[in-house]
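Student: Could you take me through one part of this protein in detail? I'd like to see how a single helix sits among its neighbours.

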Amino acid sequence: MSLTERKVRDLKPTGKQTILWDAQTKGFGCRVSAGGTKVYIISYRTNGRKRQAIIGRPSEMSLAEARALAGRELTAIRQGEPDPLARREARQAEPTLAEAVNAFFDRYCAVRLEDGRMKAATAQEYQRMWNRALKDWPGFGDIRAADVKKTDIEKAVAKRAPASRNRALACLSTIFNVFEQWELRPQHTNPCRLVERARERERDRVFSHTEFESLAAALSELESTQCTDPYPLHAIRFLALTGWRAGEAIGLKWEHIDFDTREVTLPDTKTGRQLRRIGEDVFDLLQSVPRWSQNPHVFAGHYGGAMGYKRLGDTFRAACAKAGIANARLHDLRRSYATHAAAAGMSVFAIRDLLNHSTLEMANRYVRRAGEAVQKAHDENAARVAAMMGGKRQ
């Protein structure tokens with residue numbers, strides 16, 4: 001006989017497990033345990049094994065809903081699709097986000113670092129973003145990687161400053177793209193894809209002539225009182241004179257420098273291996289840097305390795321404070337170097353090569369920032385056109 005709502009309601013525990021089968025849908029029934037727990041079940045065979053799976057409880061769905069669900073499940077099983085128990089086992093085997101991210105660092109990043117397809121600094125930045133912010137968001141790491149939604153990502157980056165938010169989103173987007181490659185998520189379901197990026201205010205801080213003079217005086221004053229630690233002071237001077245990135249200066253070794261030709265060969269930069277020339281003043285500066293026999297780095301660290309970013313940054317902030325220079329960052333030295341070159345009339349191509357950019361895009365920004373040079377060009381061209389409109393020849 002077919003199951004009815006009344007029969008399900010009246011089914012009582014008998015001290016042992018009891019099942020009432022439905023005559024309308026073969027393989028569908030209601031089971032009551034010895035303790036009185038009622039569930040709707042389906043019975044089926046898969047891979048030669050007889051199995052039973054719970055599809056719901058009478059308190060959660062009506063009999064009609066349970067019968068319809070049972071019919072769909074049994075039909076799918078007969079067509080060779082995974083049965084409910086197999087799906088449940090697969091679900092339990094799915095990694096949490098924290099587990100999947102650990103695999104991202106151990107497998108994806110490690111292999112690319114070994115093959116030279118990823119910079120060590122990039123891997124370190126991914127690890128830093130995860131360690132400092134993302135995994136500490138309550139419950140974020142415990143979500144299954146397949147279940148992370150756009151709203152979860154938005155919560156994880158909600159309180160971050162614009163630049164930090166965008167870097168975190170870029171990091172997470174890369175991670176979830178890899179998860180799709182590993183089939184931990186369906187294709188084209190990256191939850192970062194539609195999360196709105198923050199608008200960043202482009203930083204345009206440029207050191208003036210007066211500020212460069214004040215910075216130089218502050219560095220000299222610090223050198224006279226801090227003679228046991230001259231390396232960060234020399235590094236700041238070097239950055240001001242070359243426009244290099246801080247990481248490039250920190251990684252510079254004596255073996256990279258050819259003092260005869262005044263050329264530097266950097267084996268690994270942001271854009272790959274590079275050969276760079278250095279100016280005469282830079283050459284003189286490098287000649288004055290003391291060499292430490294146990295450390296191959298030009299700007300030596302305390303323990304035989306490269307100088308740390310924190311040590312360099314702390315010294316730069318101390319020098320700026322002593323010089324009365326506000327709102328300054330180390331990277332402003334690079335921007336200042338390029339902007340003053342543009343203001344002096346240097347071509348965008350020369351600026352590109354000075355900064356070792358692969359395209360003209362960034363060099364064009366510095367040219368646009370060079371207010372004096374641009375203003376002069378405006379004045380000269382306006383005067384030229386005005387003369388022509390007045391019937392004069394220049």
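Tutor: Happily, let's take helix α2, which covers residues 63-78. In this predicted model, α2 has 16 residues and runs 22 Å from its first C-alpha to its last, close to the 22 Å expected at 1.5 Å a residue. Its buried residues are Leu63, Ala66, Arg67, Ala70, Glu73, Leu74, Ala76 and Ile77. Look at the spacing in that list, with Leu63, Ala66, Ala70, Glu73 and Ile77 among them. An α-helix has 3.6 residues a turn, so residues three or four places apart point the same way. Note too that the buried set includes Arg67 and Glu73 alongside Leu and Ala residues.

What do the buried residues of α2 pack against? Their partners are two helices, α1 (5-10) and α3 (84-93), together with the strands β2 (28-32), β3 (38-46) and β4 (49-56). Just after α2 comes Gly80, with a positive phi of about 95°.

For a helix-to-helix packing elsewhere in the chain, turn to α8 (residues 209-225) and α13 (residues 331-343). Their axes lie 12 Å apart, at an angle of about 135°, and the two helices are therefore oblique to each other. The crossing of α8 with α13 is left-handed. On the α8 side, His209, Phe212 and Leu215 meet Leu333, Ser336 and His340 of α13.

As for the setting, the protein holds 16 helices and 7 strands, and 40% of its 394 residues are buried. Among contacts with a separation of 6 or more, 53% join residues 24 or more positions apart.

Methods. Residues are numbered from 1 along each chain as its sequence is written. This is a predicted model: local features need pLDDT of at least 70, side-chain atom pairs count only at pLDDT 80 or more; totals for chains, interfaces and linings use all residues. Side-chain values use heavy atoms; hydrogens and water are left out. Helices (H or I, at least four residues) and strands (E, at least two) are DSSP runs, numbered from the N terminus. Buried means under 20% relative accessible area, exposed over 50%, partly exposed in between (1.4 Å probe, protein chains only). Contact means heavy atoms within 4.5 Å. The expected span of a helix is 1.5 Å times one less than its number of residues. Axes are lines fitted to C-alpha atoms, for helices over the stretch in contact, and angles run from 0 to 180 degrees between N-to-C directions. Angles under 35 degrees count as roughly parallel, over 145 as roughly antiparallel, 65 to 115 as roughly perpendicular and the rest as oblique. A crossing is left-handed if the near helix is turned anticlockwise from the far one by less than a right angle, and right-handed if clockwise.
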